[in-house]
Amino acid sequence: MSKPVVEPLRGEAAWRAAKKGVAERNEEAYARGRKERAERDHAQMARRVAQEREADRNIRQPAH
């Protein structure tokens with residue numbers, strides 16, 4: 001069997017295919033951005049908690 005000849009899309013079909021491709025790439029980029037933001041926020045929160053714990057350890061109790 002020979003492969004059927006596939007002609008490139010033309011007109012509105014080509015436009016719709018291009019638009020769909022852009023939308024898919026945008027969604028992938030948004031997903032990457034959300035993941036990177038979550039990782040960055042988590043790391044920042046962990047650093048802040050560690051700093052607060054260190055500060056709490058350094059607090060002196062008042063003498064009576």
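A residue is taken as partly exposed when its relative accessible area falls between the 20% under which it is buried and the 50% over which it is exposed. Arg37 offers a handy first case in this predicted model: with a relative accessible area of 48%, Arg37 is partly exposed because the value lies between those two limits. Its partner tells a similar story, since the side chains of Arg37 and Asp41 meet in a salt bridge, with 3.2 Å from N to O. Asp41, at a relative accessible area of 34%, is likewise partly exposed. The two residues sit four places apart in helix H1, a spacing of about one turn of the helix.

It helps to step back to the overall fold. The protein has one helix and zero strands. Its radius of gyration is 28 Å, well over the 11 Å that the globule rule gives for 64 residues, so the protein is more spread out than a compact globule. The C-alpha trace spans about 95 × 30 × 10 Å along its principal axes. Of the 64 residues, 2% count as buried. The exposed surface comes to about 6,800 Å², and carbon and sulfur atoms supply 54% of that area.

Charged side chains deserve a closer look. The protein carries 16 positive and 11 negative charges, and the mean positions of these two sets are 1 Å apart. Five salt bridges are found in total, and the pair of Arg37 and Asp41 described above is one of them. Another joins Arg16 to Glu12, where the closest N and O atoms are 2.4 Å apart. Because Arg16 and Glu12 are four residues apart in helix H1, about one helical turn separates them. A further bridge links Glu27 with Arg34, and here the closest N and O atoms lie 3.0 Å apart. Both partners of this bridge can be placed on the same accessibility scale: Glu27 is partly exposed at 44% relative accessibility, and Arg34 is partly exposed at 48%.

The stretch ahead of the helix rounds off the picture. Leu9 belongs to the segment before helix H1, which covers residues 11-57. At 53% relative accessibility, Leu9 counts as exposed, because the value is over the 50% limit. Even so, Leu9 has partners further along the chain: with neighbours within four places in sequence set aside, Leu9 is in contact with Ala14 and Ala17.

How values were computed:
Residues are numbered from 1 along each chain as its sequence is written. This is a predicted model: local features need pLDDT of at least 70, side-chain atom pairs count only at pLDDT 80 or more; totals for chains, interfaces and linings use all residues. Side-chain values use heavy atoms; hydrogens and water are left out. Buried means under 20% relative accessible area, exposed over 50%, partly exposed in between (1.4 Å probe, protein chains only). Contact means heavy atoms within 4.5 Å. A salt bridge is a side-chain nitrogen of Lys or Arg within 4 Å of a carboxyl oxygen of Asp or Glu. The radius of gyration is taken over C-alpha atoms; the globule rule is 2.2 Å times the number of residues to the power 0.38. Accessible areas come from the Shrake-Rupley method with a 1.4 Å probe; for residues, only the protein chains shown count as cover. Lys and Arg count as positive and Asp and Glu as negative; His and the chain ends are not counted. The place of a charge is taken as NZ of Lys, CZ of Arg, CG of Asp or CD of Glu.
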